[in-house]
Amino acid sequence: MKKLVFILSIFSFLPTMLFASDAVKGKEKFETLCASCHGATGAGDGAIAAAFPADQKPRNLKTGPFKFATDEAKFKELLKKGGASVGLSPLMPMQAGLTDQDIDNVYAYIKSLKN
């Protein structure tokens, strides 16, 4: 009976362990997809940010409240659909190639950037 309880307890944690957000993996995606605009540290100072119009500079992800992505669901919508679809800068591209797990991971990483 003790073995059965132990096995069942392991299986109850398995979904969380398999699908938990991973900020390390999120950082990898961020570096590939986001850093060119938002910068390596998320400060909005990426290599191509200087070429953006003054009113459409990339968001500093380290400080302040977000204009649209005020909660996890809105942030994920922004990543999936892009800025133009939610009334923000059309320079923020949609990330249609990301899985839901990728988006969870990127969100976990960006949350870790906040001061």
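**Exercise 1: a residue in a helix**

Asp-104 is found in helix α5 of this predicted model. Decide whether Asp-104 is buried or exposed, and find which residues it contacts beyond its close neighbours in sequence.

*Solution.* Start with the accessible area: Asp-104 has a relative value of 17%. A residue counts as buried when that value is under 20%, so Asp-104 is buried. Next, look for contacts, leaving out residues within four places in sequence. What remains for Asp-104 is Ser-21, Glu-72 and Lys-76.

**Exercise 2: the overall plan**

Work out how many helices and strands the protein chain has, and in what order its elements run.

*Solution.* Begin by counting: there are five helices and zero strands. Then walk along the chain from the N terminus, and the elements read α-α-α-α-α. Now turn to burial. The protein chain has 115 residues, and 31% of them are buried. The chain exposes about 7,400 Å², with 64% of that area supplied by carbon and sulfur atoms. Finish with the contacts between residues at least 6 apart in sequence: 44% of these join residues at least 24 apart.

**Exercise 3: the largest pocket**

Find how much space lies in the largest pocket, and which residues are closest to its centre.

*Solution.* First comes the volume, which is about 590 Å³ for the largest pocket. Its lining is made of 26 residues, and those closest to the centre are His-38, Arg-59, Leu-78, Leu-88 and Met-92. Next, ask which elements give two or more residues to this lining: they are α3 (35–38) and α4. Last, sort the lining by type, which gives 17 nonpolar, five polar and four charged residues.

**Exercise 4: following Met-92**

Met-92 is one of the residues closest to the centre of the largest pocket. Describe where Met-92 sits along the chain and what it touches.

*Solution.* Along the chain, Met-92 belongs to the loop between α4 (72–81) and α5 (100–113). Its relative accessible area is 22%, so Met-92 is partly exposed. Setting aside residues up to four places away in sequence, Met-92 touches His-38, Leu-78, Leu-79, Gly-82 and Gly-83. Now compare sequence with space. Met-92 and Arg-59 are 33 residues apart along the chain, while their C-alpha atoms are separated by 9.7 Å.

**Exercise 5: two residues in contact**

Place Gln-95 and Lys-80 in the structure, then list the contacts of each.

*Solution.* Take Gln-95 to begin with: its place is in the loop between α4 and α5. At 12% relative accessibility, Gln-95 is buried. Apart from neighbours within four places in sequence, Gln-95 contacts Leu-33, Leu-79 and Lys-80. Lys-80, in turn, lies in helix α4. With a relative accessible area of 39%, Lys-80 is partly exposed. Leaving out residues up to four places away, Lys-80 touches Met-94, Gln-95, Ala-96, Asp-100 and Ile-103. One more pair is worth a look: Lys-80 and Thr-99 are 19 residues apart along the chain, and 9.2 Å separates their C-alpha atoms.

**Exercise 6: a cysteine pair**

Explain why Cys-34 and Cys-37 do not form a bond.

*Solution.* Recall what kind of bond is in question: a disulfide is a covalent bond between the sulfur atoms of two cysteines. The test here asks for sulfur atoms within 2.5 Å. The cysteine sulfur closest to that of Cys-34 is in Cys-37, 8.4 Å away, so the pair is too far apart for a bond. Seen from the other side, Cys-37 is in no disulfide either. The structure as a whole holds zero disulfides. As for burial, Cys-34 counts as buried at 11% relative accessibility, and Cys-37 is also buried, at 15%.

**Exercise 7: sequence and space**

Find where Ser-112 lies and how its separation from Leu-61 looks in sequence and in space.

*Solution.* Ser-112 is part of helix α5. Its relative accessibility is 47%, so Ser-112 counts as partly exposed. Along the sequence, Ser-112 and Leu-61 are 51 residues apart, and in space the distance from C-alpha to C-alpha is 9.7 Å.

Terms used. Residues are numbered from 1 along each chain as its sequence is written. This is a predicted model: local features need pLDDT of at least 70, side-chain atom pairs count only at pLDDT 80 or more; totals for chains, interfaces and linings use all residues. Side-chain values use heavy atoms; hydrogens and water are left out. Helices (H or I, at least four residues) and strands (E, at least two) are DSSP runs, numbered from the N terminus. Buried means under 20% relative accessible area, exposed over 50%, partly exposed in between (1.4 Å probe, protein chains only). Contact means heavy atoms within 4.5 Å. On a 1 Å grid over the protein atoms alone, a cavity is a set of points where a 1.4 Å probe fits but cannot get out, and a pocket is an open set with protein on both sides within 12 Å along at least five of seven lines; lining residues have an atom within 4 Å of a point. Grid points are joined across faces, edges and corners, and a volume is the space filled by probe spheres set on the points. Ala, Val, Leu, Ile, Met, Phe, Trp, Tyr, Cys and Pro count as nonpolar, Asp, Glu, Lys and Arg as charged, and the others, Gly among them, as polar. Accessible areas come from the Shrake-Rupley method with a 1.4 Å probe; for residues, only the protein chains shown count as cover.
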